[in-house]
Amino acid sequence: GKVRAPTHIISTISDDRGDEPCYAGVPMSTIIQRGFGVGDVISLLWFKRSLPRYCTQFIEICIMLCADHGPCVSGAHNTIVTARAGKDLVSSLVSGLLTIGPRFGGAIDDAARYFKDACDRGLTPYEFVEGMKKKGIRVPGIGHRIKSRDNRDKRVQLLQHYAHTHFPSVKYMEYAVQVEAYTLSKANNLVLNVDGAIGSLFLDLLAGSGMFSKQEIDEIVEIGYLNGLFVLARSIGLIGHTFDQKRLKQPLYRHPWEDVLYTK
Ligand code: ACO
Ligand code: LMR
């Protein structure tokens, strides 16, 4: 029989060897002819399957809603400072991206992990939140610097409305909302934030679409695919901020002394 030389790389998501590139086996011409969008491309390249339209539209909504949140947030601030230091597009972009993490934009995977575990184990919001407090861990997906009970995050409301209208089940999101009700009883700014909304709703998407086995869902949550949505989305805004600063010919940024507390 044939002897196959061992390869140094295994790849399963795309193939460029034929007449046209294929994403998860789907040729580019099919992607274009069928009018696929970026949500479909993400489905193919990240999840290795075509997902129903309501799922790909949800992915696209996440991307659009998270594309930017003004110049003052961590990521945009870094990008602006870097662009003003005369650095190139990629440097300015990655400087902003590097702020994405457990406090800013990168709490989606942990929100999904903790909400899933708590909900599957049947913990009450009280048990869950107080258990996290005992462990000294802030609840990922809860809390915001400027959003609060009386100034809700419109993005969260839009995601919730979409899911209520299109998803067969919003079990995990409803659990996250119960957690929010409890955390709001402690402090006004402990709202369900956009990371928590996406984390919980993506669990509902994975579980409700019937397209993923239980094992596959566990793997997606464990590996941590979902911060990728924020990274991808916010890159759009960070690239925009870079162009904006260059267009405005902004000089080197230096933080004002008056805004620093110099102390021993
Ligand atoms: N869970 C439990 N308690 C919390 C949480 C939380 N998620 N967030 C704040 N608190 C409480 C704590 O008691 C905290 O006191 P501590 O510093 O002793 O822990 C107190 O509120 C005040 O916290 P601050 O640091 O003043 O709150 P701040 O407004 O700076 O924090 C932040 C906002 C970073 C988002 C915070 O709520 C947090 O860490 N949340 C979890 C991570 C998260 O979801 N990040 C994504 C935010 S959305 C986005 O970035 C797109
Ligand atoms: C964002 O999307 O960047 C925000 O939710 C974070 C912030 O501090 O406003």
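Select Arg145 together with ligand 1: in this predicted model, an N or O atom in the Arg145 side chain is 2.7 Å from an oxygen atom of the ligand. Stay with ligand 1 and show the backbone of Val139, where an N or O atom lies 2.8 Å from a nitrogen atom of the ligand. Then move along the chain to Ile142, which also uses a backbone N or O atom, here 2.7 Å from a nitrogen atom of ligand 1. How much of ligand 1 does the protein bury? Taken alone, ligand 1 exposes 920 Å², and the protein buries 66% of that.

Now widen the selection to the residues around ligand 1. There are 19 of them, and those that come nearest are Arg138, Val139, Gly141, Ile142 and Arg145. Colour this shell by class to see 9 nonpolar, 6 polar and 4 charged residues.

Next, go to ligand 2. Which residues are around it? Select His69, Val73, Phe104, His144, Arg155 and Arg234. Coloured by class, this shell divides into 2 nonpolar, 2 polar and 2 charged residues.

Three side chains in this shell deserve a distance label.

- His144: an N or O atom of the side chain is 2.8 Å from an oxygen atom of ligand 2.
- Arg155: a polar side-chain atom lies 2.7 Å from an oxygen atom of ligand 2.
- Arg234: a polar side-chain atom lies 2.8 Å from an oxygen atom of ligand 2.

Show the surface of ligand 2 on its own: it exposes 270 Å² when taken alone, of which the protein buries 84%.

With both ligands displayed, turn to the space that holds them. Ligand 1 sits in the largest pocket, and the space taken by ligand 2 is the largest pocket as well. How much space lies in this pocket? The figure is about 1,200 Å³. Its lining is made up of 35 residues, and the closest to the pocket centre are Arg103, Arg138, Ile142, Gly143 and His144. Some of these have already appeared on the tour: Arg138 and Ile142 are among the residues nearest ligand 1, while His144 belongs to the shell of ligand 2.

Colour the whole lining by class: 15 residues are nonpolar, 11 are polar and 9 are charged.

Finally, switch to a cartoon view and pick out the helices behind the lining. Select α7 (125-135), α10 (194-208) and α12 (227-247), each of which supplies at least two lining residues of the largest pocket. Which of these elements gives the most to the lining? α7 does, with 3 residues. End the tour on Arg234, whose polar side-chain atom was labelled at 2.8 Å from an oxygen atom of ligand 2.

Methods:
Residues are numbered from 1 along each chain as its sequence is written. Chains are lettered from A and ligands numbered from 1 in the order in which they are written. This is a predicted model: local features need pLDDT of at least 70, side-chain atom pairs count only at pLDDT 80 or more; totals for chains, interfaces and linings use all residues. Side-chain values use heavy atoms; hydrogens and water are left out. A residue is near a molecule or strand if one of its heavy atoms lies within 4 Å of it. A polar contact is a pair of N or O atoms within 3.5 Å; within protein, one must be able to donate a hydrogen and the other to accept it, and residues adjacent in sequence count only if both atoms are side-chain atoms. Accessible areas come from the Shrake-Rupley method with a 1.4 Å probe; for residues, only the protein chains shown count as cover. On a 1 Å grid over the protein atoms alone, a cavity is a set of points where a 1.4 Å probe fits but cannot get out, and a pocket is an open set with protein on both sides within 12 Å along at least five of seven lines; lining residues have an atom within 4 Å of a point. A molecule sits in a cavity or pocket if more than half of its atoms lie within 2 Å of its grid points. Ala, Val, Leu, Ile, Met, Phe, Trp, Tyr, Cys and Pro count as nonpolar, Asp, Glu, Lys and Arg as charged, and the others, Gly among them, as polar. Grid points are joined across faces, edges and corners, and a volume is the space filled by probe spheres set on the points. Helices (H or I, at least four residues) and strands (E, at least two) are DSSP runs, numbered from the N terminus.
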